[in-house]
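Open the model in your viewer and keep the selection box at hand. This tour goes stop by stop, telling you what to pick and what to look for.

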Amino acid sequence: MAKNPVAPLLEVKGLKIHFPVQAGVFRHCVGWVKAVDGVDFVVPRGKTVGLVGESGCGKSTVARAAIRLIEPTAGSIVYRGQDIASIPPEDLKEMRREMQMIFQDPQVSLNPRRTVGTSIGEALRYHGIITEAKALRDRVALILEQVGLSPDVMHRYPHQFSGGQLQRICIGRALALEPELIICDEAVSALDVSVQGQILNLLVDLQHRLGLSYLFIAHDLSVVRHVCDHVVVMYLGKVMESAPADELFANPKHPYTQALLSAVPKSYPDEKTARITLEGEIPSPLNPPSGCPFRTRCPYAKPVCAKPPPRRQPSPDHVYDCVIP
Ligand SMILES: Nc1ncnc2c1ncn2[C@@H]1O[C@H](COP(=O)(O)OP(=O)(O)OP(=O)(O)O)[C@@H](O)[C@H]1O
Ligand SMILES: [Mg+2]
């Protein structure tokens, strides 16, 4: 695979993913679900980018496009300088090894009838990294230690672990392939708050030790606060605001970001956020509002919001789309 050493690890450019809605006996296309409708962001090497927004805003669809499980309707995903749409089939396996995904429910991700050692080793065998039994066992033991588990647990089955331990095993299975990028899709959402903290600490620690990059997907901002360098806030398939994490938390500009932040307990007394309570349902991505998609729930909405909002850029890496300056 062509590797460009200076290009950012992952660039998502003008990404649109529209799913056809079919109806009737002949499955005619009667409309489009605009799951992702113009998303841009960059994951630099060794950094963590958060992708945040309420359920259904398109976060997982972006993730699935990033590993080329679905084709974009428009726009592109560029991995180390190469558009992934142009990666030949023989190189796809390597790309998928370099980009690993961790999901919300580790129970579903692991085969209940296999020992966790077999599950971790399977990835190594499949990619032909290690095939010999003794070497495989040693490597699995090392990986388990890396994620804070005792090597003895390799002979146990998934039902013998807690949710947090299972998520450690899934992280281990991803690490086994020495990836460059790990996409965490709601990886800690199902865990208790104290366990969430432990898993987040583990991810940060692994990043420092191994130089990993993360695309960190979550529906609430409190989870991303301590792990992300940059945060992208999505609503109905569009980016509402994108900013360095410190700046987003200290000076959120978009009313939607402010609303999401209102729900987050404050860590710093001097944080200035307007209290906005999100009311009403998210409109359907089948028929989104014109102009700013958030206008039907925005407390500051004006008639002008029915037109596309202007792009504002308060600092070089901070952009948001809103009529409010
Ligand atoms: N294969 C598909 N066909 C049709 N619609 C789809 C498909 N996959 C996703 N969608 C729709 O696209 C929208 C975005 O879905 P997606 O799963 O990306 O959201 P999400 O932000 O990950 O939500 P959650 O927080 O609940 O995981 C939703 O309206 C969903 O119903
Ligand atoms: Mg999702």
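Two strands count as paired here if DSSP finds at least two bridges between them. Keep in mind that this is a predicted model.

**Stop 1: the sheet**

Select the eight strands of the open sheet. Their order is β6-β7-β8-β3-β9-β10-β12-β11, and the pairing is mixed. Now look at the edges. β6 (99-102) stands at one and β11 (311-315) at the other, each with a single partner strand, so one side of each has no neighbour in the sheet. On average, neighbouring strands of this sheet are turned by 20 degrees against each other, direction ignored.

**Stop 2: strand β9**

Select residues 230-235, which form β9. Is this strand enclosed or open to the outside? Six of its six residues are buried, so β9 is largely enclosed by the rest of the structure.

Show the side chains next. In a regular strand they alternate between the two faces of the sheet. Here, H230, V232 and M234 point one way from β9. V231, V233 and Y235 point the other way. All of them are buried.

**Stop 3: the partners of β9**

Add residues 48-52, strand β3. Four bridges join β3 to β9, and the two run parallel. Find V49: it stands opposite H230 in β9.

Then add residues 238-244, strand β10. β9 and β10 pair in the antiparallel sense, over six bridges. V231 stands opposite A243 in β10. Two residues lie between the strands of this hairpin. Zoom in on L236 there, which takes a positive phi near 45 degrees.

**Stop 4: helix α10**

Select residues 255-262. Six of the eight residues of α10 are buried, so this helix is largely enclosed by the rest of the structure. The buried ones are P255, Y256, T257, A259, L260 and L261. What covers them? The cover includes β3, β9 and β10 from the earlier stops, along with α8 (221-224) and α9 (245-250).

**Stop 5: S213**

Go back to the sheet and pick S213, in strand β8 (residues 213-218). How many other C-beta atoms lie within 10 Å of S213? There are 22. The cut-off for a buried residue is 20 or more, so S213 counts as buried.

Which residues does S213 touch, leaving out those up to four places away in sequence? They are L9, V43, R45, G46, K47, E180 and L181. Now draw a distance from S213 to L10. The two are 203 residues apart along the chain, yet their C-alpha atoms are separated by 9.4 Å.

**Stop 6: ligand 1**

Select ligand 1 and the 13 residues around it. F19, A35, S55, S60 and T61 come nearest. By class, the shell has five nonpolar, seven polar and one charged residues.

Where does the shell come from? β2 (28-43) and α1 (59-66) each supply at least two of its residues. The largest share, three residues, comes from α1.

**Stop 7: helix α1**

Stay with α1. Seven of its eight residues are buried, which leaves the helix mostly covered. Colour K59, S60, T61, V62, A63, A65 and A66 to see the buried set. S60 and T61 are in this set, and both are among the residues that come nearest to ligand 1. End the tour at R68, which follows α1 and has a positive phi, near 60 degrees.

Conventions: Residues are numbered from 1 along each chain as its sequence is written. Chains are lettered from A and ligands numbered from 1 in the order in which they are written. This is a predicted model: local features need pLDDT of at least 70, side-chain atom pairs count only at pLDDT 80 or more; totals for chains, interfaces and linings use all residues. Axes are lines fitted to C-alpha atoms, for helices over the stretch in contact, and angles run from 0 to 180 degrees between N-to-C directions. A residue is near a molecule or strand if its C-beta atom, placed from the backbone, lies within 6 Å of it. Ala, Val, Leu, Ile, Met, Phe, Trp, Tyr, Cys and Pro count as nonpolar, Asp, Glu, Lys and Arg as charged, and the others, Gly among them, as polar. A residue is buried if 20 or more other C-beta atoms lie within 10 Å of its own, exposed if 12 or fewer, and partly exposed in between; C-beta atoms are placed from the backbone. Two residues are in contact if their C-beta atoms, placed from the backbone, lie within 7 Å.
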